[in-house]
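Thanks for making time today. I would like to walk you through one structure, beginning with the whole and then stopping at a few individual residues.

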Amino acid sequence: MHQFNTPYGEHHAVIKMPSRHMIGGEDIDDSYDLPGVPWCVYFTHKGAAIHGTYWHSNFGAPMSHGCINMKISQAKWLFNWAPKGTLVVVHQ
């Protein structure tokens, strides 16, 4: 599987979507097709986002293609709290 790090540094919430169908991956071994990903707060124009996650509960371990996965209830709270432009700081 390829390494997909969350982009470090200071970003800002650029797009908010209550639900998004996410499809991607570089090859058959790391492809994904996830309908209805909830409470998406994108912080890069290349697709890195903070969002709810229904397909795993292994929070704290690298499990994404650069996104930050959260419990759905927590992602909903963040979505409602953070307006576009909110500073997002990703530390190593």
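The accessible surface of the protein comes to about 6,000 Å², and 55% of that surface belongs to carbon and sulfur atoms. I should say straight away that what you are looking at is a predicted model, and that every value I mention is computed from it. Of the 92 residues in the protein, 35% are buried.

Let me turn to the overall fold. The secondary structure consists of one helix and six strands, and if you read along the sequence you meet them in the pattern β-β-β-β-β-α-β. The radius of gyration is 13 Å, close to the 12 Å that the globule rule gives for 92 residues, so the protein is as compact as a globular protein of that length. Along its principal axes, the C-alpha trace spans about 35 × 25 × 25 Å. If we take the contacts with a separation of 6 or more, 49% of them are accounted for by residues 24 or more positions apart. As for charge, the protein has 6 positive and 6 negative charges, and the mean positions of the two sets are 19 Å apart.

Now to the aromatic residues. How many aromatic pairs does the structure hold? There are three aromatic pairs, and the one I want to show you is formed by tryptophan 77 and tryptophan 81, which are stacked, at 5.7 Å centre to centre and with 10° between the planes. Both tryptophans lie in helix H1, which covers residues 72-81, and they sit four residues apart, about one turn of the helix. Are these two rings buried or exposed? Tryptophan 77 has a relative accessible area of 56%, and because the cut-off for exposed is over 50%, tryptophan 77 counts as exposed. Tryptophan 81, at 52% relative accessibility, counts as exposed as well.

From tryptophan 81 we can step to threonine 86, which is found in the loop between H1 and strand E6, residues 87-90. Threonine 86 is buried, with a relative accessible area of 17%. If we do not count residues up to four places away in sequence, threonine 86 touches Trp81, and it also touches His11, His12 and Ala13.

Ala13 comes up again when we look at valine 41, which lies in strand E3. Valine 41 is buried, with a relative accessible area of 2%. Leaving aside neighbours within four places in sequence, valine 41 is in contact with Ala13, Ile15 and Lys16, with Ala48, Ala49 and Ile50, and with Phe79. The C-alpha atoms of valine 41 and alanine 82 are separated by 8.4 Å, although these residues are 41 residues apart along the chain.

Staying in strand E3, please look at tryptophan 39. Most residues other than glycine have a negative phi. Tryptophan 39, however, has a positive phi of about 55°, although it is not a glycine. Tryptophan 39 is also among the residues touched by serine 19, together with Gly36, Val37 and Pro38, again not counting residues up to four places away in sequence. Serine 19 itself lies in strand E2, and it is partly exposed, with a relative accessible area of 42%. Serine 19 and valine 90 are 71 residues apart in sequence, and their C-alpha atoms are 23 Å apart in space.

I will finish with two loop residues. Where does aspartate 30 lie? Aspartate 30 is in the loop between strand E2, residues 15-24, and strand E3, residues 32-42. This aspartate 30 is buried, with a relative accessible area of 2%, and from C-alpha to C-alpha it is 9.0 Å from histidine 65, which is 35 residues away in sequence.

The other residue is glycine 47, in the loop between E3 and strand E4, residues 49-52. Glycine 47 counts as partly exposed, at 29% relative accessibility. Setting aside neighbours within four places in sequence, glycine 47 is in contact with Tyr42 and Cys67. Glycine 47 and lysine 76 are 29 residues apart in sequence and 18 Å apart in space, C-alpha to C-alpha.

Key: Residues are numbered from 1 along each chain as its sequence is written. This is a predicted model: local features need pLDDT of at least 70, side-chain atom pairs count only at pLDDT 80 or more; totals for chains, interfaces and linings use all residues. Side-chain values use heavy atoms; hydrogens and water are left out. The radius of gyration is taken over C-alpha atoms; the globule rule is 2.2 Å times the number of residues to the power 0.38. Buried means under 20% relative accessible area, exposed over 50%, partly exposed in between (1.4 Å probe, protein chains only). Contact means heavy atoms within 4.5 Å. Accessible areas come from the Shrake-Rupley method with a 1.4 Å probe; for residues, only the protein chains shown count as cover. Lys and Arg count as positive and Asp and Glu as negative; His and the chain ends are not counted. The place of a charge is taken as NZ of Lys, CZ of Arg, CG of Asp or CD of Glu. Rings of Phe, Tyr and Trp (its six-membered ring) pair if their centres lie within 6.5 Å; planes under 30 degrees apart count as stacked, over 60 as edge-to-face and the rest as tilted.
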